[in-house]
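Work through the exercises below with the sequence and the model open. Try each task before reading its solution.

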Amino acid sequence: MCGRYAASRGPEDLAGVFEIEKWEPEEALAPDYNVAPTKEVYAVLDRPLKDADSPKPVRQLRRLKWGLVPSWSKTPEGGARMINARAETVHEKPSYRRAFSTRRCIIPADGYYEWVTAKDERELEVEGKKKRQRKQPYFVLPADGSVFAMAGLYEFWRDRTLPDDHPLAWWVTCSVITTEAETTPLAVAPDDGPHALADIHPRMPLMLTPDRWDSWLDPSRTDPDDLRELLDPPPAGLMRAYPVSTAVSNVRNNGPELLKELEGPEEGTLF
């Protein structure tokens with residue numbers, strides 16, 4: 001899954017990476033090293049500009065709220081639970097299938113956090129035989145330091161309790177698509193820790209390599225069977241993972257120190 005990630009790159013950097021044609025300086029977000037659900041995040045999308053003469057899609061960098069609210073939802077309250085969409089079922093789930101057809105985006109990140117609970121420990125917890133211990137967080141990122149381009153969906157939701165001209169009348173929300181975690185060896189793995197992403201968690205965000213960006217963002221591609229080909233996992237061996245401080249487990253903590261690589265798991269945590 002993806003429940004927390006880091007995003008420190010600014011609009012100028014992302015504009016160069018993704019060939020952004022339109023972004024508003026006043027919508028710039030501060031670097032965020034502990035992005036949590038319901039926060040505003042950057043998303044790259046291809047969409048015609050509002051009130052433009054041409055219907056041609058324009059590549060934009062937009063601020064969206066993380067936690068998708070379907071357009072037909074009566075309230076936005078379920079958005080915090082819809083931060084992830086499974087690649088295996090995204091084309092058929094009522095909450096995601098319309099967005100999958102026409103409203104796809106890329107959510108840029110430095111990498112994502114995941115917490116390890118060893119298999120034996122998980123089984124004991126489920127059986128109620130062991131008190132939950134502290135979990136060791138790991139930061140997962142491209143081994144070459146490039147942008148982690150997560151496949152995403154976005155949706156519009158109208159708050160009918162507000163007038164049309166109210167600035168909060170429309171919500172634009174998003175969800176990260178996840179897939180099965182890689183079982184192949186990491187490009188760079190810690191000496192004392194997991195050697196594959198599947199050792200950390202059974203799911204991972206679906207990373208889109210640059211050769212798929214244009215096809216994924218193209219709103220004219222609407223056939224689900226055609227689009228599902230873009231959901232194939234990226235080539236193996238592109239990722240690295242390393243342990244970071246358990247300070248990241250508290251959403252109130254936020255700073256570049258959260259990305260500092262530890263020599264090994266913290267005392268009292270699990271692997």
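The exercises below deal with charged side chains in this predicted model.

**Exercise 1. Place R4 and find what its side chain meets.**

Solution.
- Start with the location. R4 sits in the segment before β1, which covers residues 5–7.
- Check burial and charge pairing. R4 is buried but has no salt bridge.
- Find the nearest side chain of opposite charge. That is D32, 8.9 Å away.
- Apply the cut-off. A salt bridge needs a side-chain nitrogen of Lys or Arg within 4 Å of a carboxyl oxygen of Asp or Glu, so a separation of 8.9 Å does not qualify.
- Look for polar partners instead. The side chains of R4 and N34 share a polar contact of 3.0 Å.
- Add the backbone. The R4 side chain also reaches the backbone oxygen of V248, at 2.8 Å.
- Finish with the surroundings. Leaving out residues up to four places away in sequence, R4 touches residues including W66, Y112, Y113 and W115.

**Exercise 2. Which residues surround R158, leaving out those up to four places away in sequence? Then sort out its polar partners.**

Solution.
- Locate the residue. R158 belongs to strand β9, residues 148–158.
- Classify it. Its relative accessible area is 9%, and the cut-off for buried is under 20%, so R158 is buried.
- List the contacts. With residues up to four places away in sequence left out, R158 touches P163, D164, A169 and W170.
- Take A169 from that list. A169 is 11 residues from R158 in sequence, and their C-alpha atoms are 5.9 Å apart.
- Find the backbone partner. A polar atom of the R158 side chain lies 3.0 Å from the backbone oxygen of L162.
- Find the charged partner. D164 and R158 form a salt bridge, with the closest N and O atoms 2.4 Å apart.
- Compare the two ends. D164 is exposed, at 65% relative accessibility, whereas R158 is buried, at 9%.

**Exercise 3. How many salt bridges does a search of the whole structure find? Then describe the pair R59 and D46.**

Solution.
- Recall the principle. Side chains of opposite charge can pair when their charged atoms come close.
- Take the total. The search finds 12 salt bridges.
- Examine the pair. R59 and D46 meet through their side chains at 2.9 Å, N to O.
- Place both residues. R59 is in strand β4 (residues 58–66) and D46 is in strand β3 (residues 40–47), so the salt bridge ties together parts 13 residues apart in sequence.
- Check burial. R59 has 9% relative accessibility and counts as buried. D46, at 12%, also counts as buried.

**Exercise 4. Where do E261 and R240 lie, and is each buried, partly exposed or exposed?**

Solution.
- Confirm the link. E261 and R240 form a salt bridge, the closest N and O atoms being 3.1 Å apart.
- Place the ends. E261 is in the loop between β12 (239–243) and β13 (269–270), while R240 is in strand β12.
- Read the separation. The two residues are 21 apart, and the pair links distant parts of the chain.
- Classify E261. Its relative accessible area is 42%, which makes E261 partly exposed.
- Classify R240. Its relative accessible area is 19%, under the 20% cut-off, so R240 is buried.

**Exercise 5. Which residues are linked with R9 in a network of salt bridges?**

Solution.
- Follow the links from R9. The network joins R9, D13 and D110.

Note on methods: Residues are numbered from 1 along each chain as its sequence is written. This is a predicted model: local features need pLDDT of at least 70, side-chain atom pairs count only at pLDDT 80 or more; totals for chains, interfaces and linings use all residues. Side-chain values use heavy atoms; hydrogens and water are left out. Helices (H or I, at least four residues) and strands (E, at least two) are DSSP runs, numbered from the N terminus. Buried means under 20% relative accessible area, exposed over 50%, partly exposed in between (1.4 Å probe, protein chains only). Lys and Arg count as positive and Asp and Glu as negative; His and the chain ends are not counted. A polar contact is a pair of N or O atoms within 3.5 Å; within protein, one must be able to donate a hydrogen and the other to accept it, and residues adjacent in sequence count only if both atoms are side-chain atoms. Contact means heavy atoms within 4.5 Å.
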